[in-house]
Amino acid sequence: MVFRKLPGVSASGMGLRLSQKFVFLLFLSGLVTLCFGALFFLPDSVRLKRIFLSKTESQPVTVGSENDVREHLKKGAKDPEHLRGITSAKGETSTKLKALSRKPSVTNEAKTDKKVAGGEALEDMMLSRSKTESASKDEKVTSSSNQGANTDTSFDYNKFKKCLLKPPLGIEHGKPSDPQTLQRREKVKEMMKFAWDNYKSFAWGKNELRPLTRNGHIGNMFGGLRGASIVDSLDTLYIMGLMDEYNDAKEWVETSLDLNSNGEASLFEVNIRYVGGLLSAYYLTGEEMFKRKVMVLGEKLLPAFNTPTGIPRGVINLGSSGTSWSWGWASAGSSILAEFGTLHLEFVHLSELSNNGIYTEKVMNIRKLLNKIEKPHGLYPNFLSPVSGNWVQHHVSIGGLGDSFYEYLIKSYLMSDKTDEEAKTMYYSALEAIEANLVQKSPGGLTYMAEWRGGILDHKMGHLACFSGGMVVIGADDGAPEKRQHYLDLAAEITHTCHESYSRSATKLGPEAFRFDGGAEATATRLSDRYYILRPEVIESYMYMWRLTHDPKYREWGWEAVEALEQHCRVEAGFSGIRDVYAQTVSHDNMQQSFFLSETLKYLYLLFSDDDLLPLEDWVFNTEAHPLPVVRKSCLQGEGGTHDKTTSE
């Protein structure tokens, strides 16, 4: 539209002819209609909130962009899969969703490091000013939270210790009597110390170590929280007896873990790593500081549940606004099964410690909705709308996007001292549907779990799905008695298949995903699936299979993994993932994932330890391998005392 001044017409009148005014108004009204109408096509009403947020509230960054999450690291593929919060080689972090896959890249890495270093240094200077204030602020928040409960918030730690059947660290810290096994355990301990020392030297206070460039990585997955590798390592250092290192970690948490952040965080990742890590550290040591910290953090996660259905969204602002939204790549603003389904263990313990039932209520409401809605063929699809409470897509996976939901069903039953009958029923019903629809046998005789896309099978199994051997075996004793041996056999077959995915590669490490079609068996056929990022799931299943069968092959397979990690992933300043497990000459991705310290090395250490180190009768591991105690309500509410041995600290 051209504005033209006419003779004899004032400027205030805009100098427009009547016909021009009419055309202008018509154009303007059409533009306004178009803009406001577009809002109704956005996939989630949360987007409206984000557009109209005032500046006093958090204005989200592009944390939920598909590129950020797609490294899934724990997760490069074209479909985001629940990565377990992984950090990409580019320095971006995906959500553990346990799972999105990422495609490593080294392009411009050095330039990126320099840019990031300057910004992180400035952030560190600003954060350091608030360290002295954070402890008092944390206490105030905890006090405020507890006032709302109108209950006695004291937790009797001494009574809790008496309710354990065995000392957490065993009689001799799980020291094996066999010299070879002891030597192997000491090697794993040395690997942990090496990884930790390099993290401390080059990345202290950052979330993860980048060992090739010898600097730290923060990422955008934890909403401004720092020290993910420190919190993730607390219990590993403690059970390995690395007490100097543990004390350094404890001091950092006490003085420098600032929970007053104002960034966008993955609800899932913060829960399994920070909440799980702090809970575990408290239960193992009795240090009240860990309890204070975790109660503050737990309260910050509650606003994510403020949805029409009570199903939490995946991203939450940890600041005062508490706004939440779904990941940008999630279909139609949906929530992810493996995210909202992986909160139960930690939230039950938050209620135990605070004597505030709100945390348990939140996760039980999730169960209530899941039991109410129809499940296709008894299966749980990966995407659920937090607004309508309906499934968004019929994609089912025991790997990325679905995995830990099933894990937490059986573990909720075990952690309840086998009193949570609802969790038990849901787990065995789901397992029955999985066996009927997803479990397949390859022409070569390998048992695997395919993915299900609206009734069509995708004959792919992800590394993340390899946890399922351990999941099936820990539930073998509590299903129908006539199916016990069947479950033991199924667990052994799945674990064998995952071992094959390792043994069929040049590095003897497994790819991110492997296929069973086109003549392939237990091998990756796509370049984007060939990487290994220090994942723990296969070793996790070795540990559980050893504990419950004592078949020596699982320790041998674990030692094969140790040798492969040492040969291909150990570099001068830590451990790094590799980009192609089939390449004779490896290319490293420059990332020492925090879950390598929390899960991979812990499971290896337990594999080569006696069974009385964190005995399964007393402890259940969350999906980040943080041990949480079995809740014995009758003991805790009574006099307590199921054994008279002094627990180790």
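Which residue just after H7 takes a positive phi? In this predicted model, the residue is Gly-205, whose phi is about 85°. The report below begins with the helix that precedes this glycine and then turns to the disulfides, a small sheet, two helix pairs and two further residues with positive phi.

**Helix H7**

Helix H7 spans residues 179–203 and contains 25 residues. From the first C-alpha to the last, H7 reaches 35 Å, which is close to the 36 Å expected at 1.5 Å a residue. Buried positions occur along H7, among them Thr-181, Arg-184, Arg-185 and Val-188. Met-191, Met-192, Phe-194, Ala-195 and Trp-196 are also buried, as are Asn-198, Tyr-199 and Ala-203. The list thus includes the charged residues Arg-184 and Arg-185 as well as the aromatic residues Phe-194, Trp-196 and Tyr-199.

**Disulfides**

The structure holds two disulfides. A disulfide is a covalent bond between the sulfur atoms of two cysteines. With the bonded cysteines of the protein chain numbered in sequence order, the pairing reads 1-4, 2-3.

One disulfide joins Cys-163 to Cys-635, with an S to S distance of 1.9 Å. This pair links distant parts of the chain, 472 residues apart. Cys-163 lies in the loop between helix H6 (157–162) and H7, whereas Cys-635 belongs to helix H22 (residues 633–637). The torsion about their S-S bond is about -90°, and the disulfide is therefore left-handed.

The other disulfide is formed by Cys-466 and Cys-498, whose sulfur atoms are 2.1 Å apart. Cys-466 is in the loop between strand E14 (460–462) and helix H17 (468–474), while Cys-498 is in helix H18 (residues 484–503), so the bond ties together parts that are 32 residues apart in sequence. Here the S-S torsion is about -95°, which makes this disulfide left-handed.

Are the bonded cysteines Cys-163 and Cys-635 buried or exposed? Both are buried, and so are Cys-466 and Cys-498. A further cysteine, Cys-569, is buried as well. The relative accessible areas are set out below.

| Cysteine | Relative accessible area |
|---|---|
| Cys-163 | 3% |
| Cys-635 | 8% |
| Cys-466 | 1% |
| Cys-498 | 1% |
| Cys-569 | 0% |

**A three-stranded sheet**

An open sheet is built from three strands in the order E3-E4-E5, and their pairing is antiparallel. Strands E3 (264–266) and E5 (324–325) stand at the edges with a single partner strand each, so one side of each has no neighbour in the sheet. Strand E4, made up of residues 315–317, pairs with E5 in the antiparallel sense over two bridges. Which residue in E5 is the bridge partner of Ile-316? That partner is Ser-324.

**Helix pairs**

Two helix pairs may be described in turn. Helix H8 (residues 228–239) and helix H10 (residues 267–285) have axes that come within 9 Å and cross at roughly 30°. Angles under 35 degrees count as roughly parallel, and H8 is therefore roughly parallel to H10. The crossing in which H8 passes H10 is left-handed.

The second pair consists of helix H20 (residues 553–569) and helix H21 (residues 594–607), whose axes come within 9 Å and cross at roughly 135°. This angle makes H20 oblique to H21. H20 also passes H21 in a left-handed crossing.

**Positive phi outside glycine**

Positive phi values also occur in residues other than glycine, including Lys-418 and Leu-534. Lys-418 has a phi near 60° and lies in the loop between helix H15 (403–415) and helix H16 (421–437). At 40% relative accessibility, Lys-418 counts as partly exposed.

Leu-534 has a phi near 70°. Its place is the loop between strand E15 (513–515) and helix H19 (537–549). Is Leu-534 buried or exposed? With a relative accessibility of 0%, Leu-534 counts as buried, because buried means under 20% relative accessible area.

Methods
Residues are numbered from 1 along each chain as its sequence is written. This is a predicted model: local features need pLDDT of at least 70, side-chain atom pairs count only at pLDDT 80 or more; totals for chains, interfaces and linings use all residues. Side-chain values use heavy atoms; hydrogens and water are left out. Helices (H or I, at least four residues) and strands (E, at least two) are DSSP runs, numbered from the N terminus. The expected span of a helix is 1.5 Å times one less than its number of residues. Buried means under 20% relative accessible area, exposed over 50%, partly exposed in between (1.4 Å probe, protein chains only). Two strands pair if DSSP finds at least two bridges between them. A disulfide is a pair of cysteine sulfur atoms within 2.5 Å. Axes are lines fitted to C-alpha atoms, for helices over the stretch in contact, and angles run from 0 to 180 degrees between N-to-C directions. Angles under 35 degrees count as roughly parallel, over 145 as roughly antiparallel, 65 to 115 as roughly perpendicular and the rest as oblique. A crossing is left-handed if the near helix is turned anticlockwise from the far one by less than a right angle, and right-handed if clockwise.
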